[in-house]
Amino acid sequence: MEIAVLLKQVPATESLIEITDDGKSIKTDDIKWVINPYDEFAVEEALQIKEAHGGSVTIISVGPEKTTEAIRTALAMGADKGILINDPAAEGCDGLSTARILAAVLKEAPFDLIIAGQRAVDDDNFQVGPAVAEFLGIPNISMVIKQEIIDAKIRCHGTIDGGTVILEAPLPALFTTQRGLNEPRYASLPGIMKAKKKPIDIKTLADIGIEADRIRKSLTRIVAMQIPPERKDGRMITGDSAQAKAVELVRILHEEAKVI
Amino acid sequence: MSQGVLAIAEQIEGVFRKVTYEALSEGRRIADRLNCDLTAIILGANLDNISKELGQYGADRIIVAQSPTLSEYLTDAYTTVIADYINKENPAVVILGASTQGKDLSARLSARLNAPLAMDCVAIRFEENNIIATRSMYGGKILADITLDGNPQILAIRPNAMTIANTAGAGSIEKLDTDTGNTVLQFIEKSLDTGKVELTEADTVISGGRGMAGADFTVIEELAQLLDGAVGASRSAVDEGWRPASDQVGQTGKVVSPNLYIACGISGAIQHLAGMSSSKVVVAINKDPEAPIFSKADFGIEGDLFEIVPLIAEQVKKLKG
């Protein structure tokens with residue numbers, strides 16, 4: 001079983017996000033970078049499938065040089081090799097362009113199974129996984145919390161709004177991860193040592209046969225960013241007793257805020 | 001020439017999702033601005049009784065793609081039917097709800113049609129004749145305005161972010177002959193949490209955190225039931241195994257924008273705040289007067305949630321008679 005994991009390096013979720021002076025991107029100086037949490041589930045699931053069915057796990061990413069740190073972490077968890085597309089033209093490209101790049105990599109090295117995070121927690125686009133599957137002409141199943149591979153088919157339990165659904169697809173297929181799928185392992189010390197020797201192949205867009213211009217011209221473009229408006233100073237509900245506070249809160253929510 | 005606005009309706013078991021009405025209403029506003037028609041498309045197996053309802057939210061035409069093969073949402077079949085229709089009609093704008101299904105469908109459609117997609121929009125406006133979509137990034141820590149270049153412009157809108165407008169009109173219904181093409185995904189079964197309000201669509205969300213001190217969320221569940229709301233949880237409550245992962249509100253869970261969000265025993269880690277900051281009114285109940293959540297709340301009560309929440313429930317009961 002040849003498994004590919006689509007991985008993105010993102011700011012840790014506890015990061016304080018600030019906007020640059022041009023108002024179109026975020027300040028990256030003081031940010032701690034991590035593997036996108038949903039991609040961590042993807043790495044873990046790929047390793048578990050490899051342990052059960054054999055094969056190898058390849059980590060594929062689009063990003064700047066420092067993305068190799070995230071790939072190296074996945075290799076330390078147990079993945080076999082990494083491929084990074086590092087090209088200035090791909091910097092800040094939109095979800096569709098990212099999917100196009102990843103699909104071009106995957107076309108050159110065919111895989112039985114592709115696992116992607118449901119979204120990256122920076123762009124929150126939810127777009128790359130299904131779009132990669134579309135470009136490759138293979139089925140995708142979104143938001144998976146459990147999977148089972150039998151013969152050349154994968155059966156997935158996916159979450160939908162208000163429930164779960166079980167779907168089956170022939171391999172090759174792509175699925176995206178949902179919280180609850182697994183508990184990602186930590187990289188062990190021997191794992192970290194071994195990862196230093198595992199290969200990470202760094203390529204440009206030209207290397208995978210994509211015109212940089214096509215990627216530079218993303219169909220969607222961020223024209224402005226802002227921090228959501230702060231809530232006006234909150235009001236503490238005071239009262240002599242818990243009872244008095246509860247009465248006052250319900251009165252305010254009903255009469256002033258009109259939300260109940 | 002591209003023309004018209006197409007709204008993709010979503011139904012489950014013969015009931016439209018609330019976000020469908022929001023997508024139609026927003027689609028109507030866009031169509032009025034562009035001075036064109038709003039067409040709704042609905043896919044499924046038993047749609048005869050529900051299709052006409054879409055006319056009450058501004059659809060001039062309602063396209064009904066009805067077939068036993070469309071009874072359940074399958075990415076490949078739905079993408080093919082809708083993409084074929086879009087290729088034939090060439091709408092300028094496609095709008096749909098960014099539900100789990102809508103996210104999957106819109107992502108696949110954007111790749112099939114090589115069309116720009118603004119995912120999970122919280123607002124849509126025009127600058128001259130160009131659409132500017134506002135969407136949240138970094139789990140709600142940032143709001144970004146984006147432009148879309150190409151046709152059609154696909155807008156997946158966040159549930160609960162846009163207002164529903166009823167219209168007097170009744171749209172004309174047209175049947176669409178469907179050809180799902182060669183599909184490979186197979187539906188096995190589904191299970192729905194009956195009687196549970198979907199977190200992302202709820203008008204009221206009451207969440208519990210570490211202060212719940214255990215898996216017993218009864219006090220919160222009772223208040224949620226009184227308010228027809230949904231129960232959410234912080235990441236720590238989910239990590240402790242007190243609530244399922246599907247209840248998690250935050251940057252690595254669901255982003256919610258209810259009218260009323262009540263945070264009980266939640267300190268207010270930045271990753272949680274990201275998931276609920278677009279709520280209209282926020283109430284925080286916490287023992288610790290220094291909890292960061294209070295600085296992000298409209299109203300705060302310092303105290304024991306196990307004492308206060310039942311008292312609130314009692315008052316709500318009185319209010320409702």
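This passage describes how chain A and chain B of a predicted model meet, and how the sheets, helices and domains around their contact are arranged.

The interface between the two chains draws on 65 residues of chain A and 79 residues of chain B. On the side of chain A, at least two residues each are supplied by helix 3 (95-108), helix 4 (128-136), strand 7 (140-150), strand 8 (153-160), strand 9 (163-170), strand 12 (220-226), strand 13 (235-236) and helix 7 (242-256). Of these elements, helix 7 of chain A gives the largest share, with 10 residues. Sorted by class, the residues with which chain A touches chain B comprise 37 nonpolar, 15 polar and 13 charged.

Part of this contact is made by strands. Strands of a sheet pair through backbone hydrogen bonds, in either a parallel or an antiparallel sense. Strand 9 of chain A and strand 12 of chain B (residues 186-192) run antiparallel and are joined by 6 bridges, and within this pairing Leu167(A) has Phe187(B) as its bridge partner. The pairing belongs to an open sheet of 10 strands with mixed pairing, whose order is 11(A)-5(A)-4(A)-1(A)-6(A)-10(A)-7(A)-8(A)-9(A)-12(B). Strand 11 of chain A (200-203) and strand 12 of chain B stand at the edges of the sheet and have a single partner strand each, so that one side of each is left without a neighbour there. From one strand to the next, the twist averages 25 degrees.

Inside the sheet, strand 7 of chain A pairs with strand 10 of chain A (residues 173-177) in the parallel sense, over 3 bridges, and Asn140(A) stands opposite Leu174(A) of strand 10. Helix 3 of chain A packs on the sheet, where it touches strand 1 (2-6), strand 4 (56-62), strand 5 (81-85) and strand 6 (113-117) of chain A, and the direction of the helix makes about 145 degrees with that of strand 4.

Helices also take part in the packing, both within chain A and across the interface. Two packed helices are described by the angle between their axes and by the distance between the axes. Within chain A, the axes of helix 3 and helix 4 come within 8 Å and cross at roughly 50 degrees; the two helices are therefore oblique to each other, and their crossing is right-handed. From helix 3 of chain A, the residues that meet helix 4 include Leu96(A), Ala99(A), Leu102(A), Ala103(A) and Leu106(A), while Val128(A), Ala131(A), Val132(A), Phe135(A) and Leu136(A) take part from helix 4 of chain A. The classes represented in this contact are 10 nonpolar, 2 polar and 2 charged residues.

Across the interface, helix 4 of chain A packs against helix 3 of chain B (residues 100-113) at an angle of about 40 degrees, with the axes 8 Å apart. This angle makes helix 4 of chain A oblique to helix 3 of chain B, and the crossing of these two helices is right-handed. Pro130(A), Ala131(A), Glu134(A) and Phe135(A) of helix 4 meet residues of helix 3 of chain B, among them Asp104(B), Ala107(B), Arg108(B) and Ala111(B). The residues of this contact divide into 5 nonpolar, 1 polar and 4 charged. Ala131(A) and Phe135(A) thus appear in the contact with helix 3 of chain B and also in the contact with helix 3 of chain A.

Chain B itself contains successive hairpins. Strand 7 of chain B (residues 117-127) and strand 8 of chain B (residues 130-137) run antiparallel and are joined by 6 bridges, with Ile124(B) standing opposite Ala133(B) in strand 8. This hairpin has 2 residues between the strands, and Glu128(B) takes a positive phi near 55 degrees. Strand 8 of chain B also pairs with strand 9 of chain B (residues 142-148), again in the antiparallel sense and over 6 bridges, and here Thr134(B) stands opposite Asp145(B) of strand 9. In this second hairpin 4 residues lie between the strands, and Tyr138(B) in the turn has a positive phi of about 50 degrees.

At the level of domains, the assignment for chain B gives domain 1 (5-175) and domain 2 (199-320). The C-alpha centres of these two domains lie 31 Å apart, and their contact takes 13 residues from domain 1 and 11 residues from domain 2. The side of domain 1 that touches domain 2 has 5 nonpolar, 4 polar and 4 charged residues.

Methods: Residues numbered from 1 in each chain as written. Chains lettered and ligands numbered in written order. Predicted model: local features only at pLDDT ≥ 70, side-chain atom pairs only at ≥ 80, totals over all residues. Contact = placed C-beta atoms within 7 Å. Nonpolar A, V, L, I, M, F, W, Y, C, P; charged D, E, K, R; others polar. Pairing = 2+ DSSP bridges. Axes fitted to C-alpha atoms, helices over the stretch in contact; angles between N-to-C directions. Parallel < 35°, antiparallel > 145°, perpendicular 65-115°, else oblique. Left-handed = near helix turned anticlockwise from the far one by under 90°. Domains from an automatic or database assignment.
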